[in-house]
Amino acid sequence: MGGSLGVSSNQVAVRLNDGQGTFSGSTAVRVGNGGGDWAVATADLDSDGDLDLLAAGGGSNAVSVRLNDGRGNFGGGSEVPVLVTAYSLATADLDSDGDLDLVVHTNSNGQTVASVRLNQGNGMFGGGSEVAVAGGTGALTLGDVDNDGDLDLLTTGFSSGYIYTCRNQGNGTFGPAAATLMPNNPAAVALADLDRDGDLDLLAGCAGSNTVETRLNNGQGQFAPTGASVSVGNYPEQLRLADLDSDGDLDLLTGNLQGGNVSVRFNTAGTFAGGSEVALGRTVHGLAIGDLDGDADVDFVAGVESASSLIRIAFNQ
C-alpha cells in the first residue's frame, strides 16, 4: 500500500484497522527533518513478516525507514541518502537476492534521476546507483516489460512529454532510458496486461489532457506509438489498477489533483469506460487501494487537502 502525504510536522500518522474498516489510534511516527513528506509506502524490508514504513521528501535528500515491531509500532531504522529531494518511491527485489530494494524518483535544481538503493537483507540499505532520467518531477513504476525475469524501471517526464523505460541488467543496475512519447504532461504511470497477451502494457495519467493514455507492449519492452485514450477527472496525478467489480480483469482509478475526486473506469475486454466520479470535495494528493473492511472487494483511501489533515475512505459496494 502506498500513497502521498503532505505533513509539515515531519510525522506519519498510523491508524489501526479493526477488520471492518474502522480506524483508531493516534500514533505519530517521526520521519525526516526537512518539513513535510511527499511519498509514503509500506513493505517488509527486514523479512520478518510485518510491514515496515518508508517516507520520502521534505527537502531532506533522504528516505526515512522505520521498522515495525510486529504490533504496529515503528522505530529504529535509518535515513537512506538519495541524490536530491525524493518525490515518489517504490520497493521491489531489483537484484534477485530475495529482499526488497528501494528506488525513488528525485528532482531538484534541474537534477532528475532515479536513485536505486539495495537492501542488505535486514532493512538497511547501501550501494546502489543513480539512473539518469529526464523531464522534471515525476512518478515511477516497476515491472518486467521485456520478459527477461527481472524488474525494469519506468518514470514519467512531466515537462518533457515522455515515459522513460530503463531496463534492469539483472543485478539492480539499469541501462540507459528509452523514451516513449506521451504528451500532455504525464504525471502518473502504471503497468498491466491490458490485452491479455502475457506482457505488461503501459498506462499514463496525463495532467494536461485529463486522460489516461494506454500503449500496448510488443513483448520486448517496446510500446506502441499510439493507443487508447480514457477521459478522467481534472489532473490525474494518481493512477491505480484493481479488479473493482470482481469480474477478473483490472479496472482503473485515478486520483485527480484538481478535480477533488477519484475517477473509476471499468475494464471491458481491455477498453475502459463507464464508472463514476467519487466526489471528495478537496484536492486529492494520494490514493491507495485494498480490502479495508474484510468483505473481499477492493476499497480505496485518498489523502485530501483541507484545513486539517484528512484521509477519505470509500467502501466498495
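Leaving aside neighbours within four places in sequence, L54 is in contact with A39, V40, A41, T42, A43, L45, V63, S64, V65, L89, T91 and L102 in this predicted model. L54 also belongs to the largest nonpolar core, a set of 15 residues, where it is listed with V63, L89, L102 and V104 as touching the most other members. The elements that give two or more residues to this core are β4 (39–43), β5 (52–56), β6 (62–68), β8 (86–92) and β9 (101–108). Of these, β4 gives the most, with 3 residues. A second, separate core is made up of 14 residues, among them A90, A92, L94 and L153.

A269 offers a contrasting position. This residue is found in the loop between β22 (261–268) and β23 (271–279). With a relative accessibility of 79%, over the 50% cut-off, A269 counts as exposed. A269 and L54 are separated by 215 residues in sequence, and their C-alpha atoms are 36 Å apart in space.

**Salt bridges**

The count of salt bridges in the model comes to 7. Three of them are set out below.

| Pair | N to O distance | Accessibility of the basic residue | Accessibility of the acidic residue |
|---|---|---|---|
| R167 and D146 | 3.8 Å | R167: 32%, partly exposed | D146: 14%, buried |
| R196 and D249 | 3.9 Å | R196: 62%, exposed | D249: 11%, buried |
| R265 and E277 | 2.4 Å | R265: 9%, buried | E277: 39%, partly exposed |

The side chains of R167 and D146 meet in a salt bridge. This pair links distant parts of the chain, 21 residues apart: R167 is in the loop between β14 (162–166) and β15 (178–181), and D146 is in the loop between β12 (140–143) and β13 (152–157). D146 counts as buried because its relative accessibility of 14% is under 20%.

A salt bridge also joins the side chains of R196 and D249. R196 lies in the loop between β16 (186–192) and β17 (201–206), while D249 lies in the loop between β20 (236–242) and β21 (251–256), so the pair ties together parts that are 53 residues apart in sequence. R196 counts as exposed, at 62% relative accessibility, whereas D249, at 11%, counts as buried.

In the pair formed by R265 and E277, the N to O distance is 2.4 Å. R265 is in strand β22 and E277 in strand β23, 12 residues apart. Here the arginine is the buried partner, as R265 has a relative accessible area of 9%, and E277 is partly exposed at 39%.

**The second largest pocket**

The second largest pocket has a volume of about 190 Å³. Its lining comprises 13 residues, of which L244, V264, F266, F300 and N316 are the closest to the centre. Two or more lining residues come from each of β22, β23 and β25 (299–304). Strands β22 and β23 also hold the salt-bridge partners R265 and E277.

**Confidence**

The chain has a mean pLDDT of 88, and 92% of its residues reach 70 or more. Over residues 1–7, however, the pLDDT is below 50, and this stretch has 28 contacts in the model beyond near neighbours in sequence. Where pLDDT is low, the predicted coordinates should not be read in detail.

Notes
Residues are numbered from 1 along each chain as its sequence is written. This is a predicted model: local features need pLDDT of at least 70, side-chain atom pairs count only at pLDDT 80 or more; totals for chains, interfaces and linings use all residues. Side-chain values use heavy atoms; hydrogens and water are left out. A nonpolar core is a set of buried Ala, Val, Leu, Ile, Met, Phe, Trp, Tyr and Cys residues joined through side-chain atoms within 4.5 Å. Buried means under 20% relative accessible area, exposed over 50%, partly exposed in between (1.4 Å probe, protein chains only). Helices (H or I, at least four residues) and strands (E, at least two) are DSSP runs, numbered from the N terminus. Contact means heavy atoms within 4.5 Å. A salt bridge is a side-chain nitrogen of Lys or Arg within 4 Å of a carboxyl oxygen of Asp or Glu. pLDDT is the predictor's confidence in each residue, from 0 to 100. On a 1 Å grid over the protein atoms alone, a cavity is a set of points where a 1.4 Å probe fits but cannot get out, and a pocket is an open set with protein on both sides within 12 Å along at least five of seven lines; lining residues have an atom within 4 Å of a point. Grid points are joined across faces, edges and corners, and a volume is the space filled by probe spheres set on the points.
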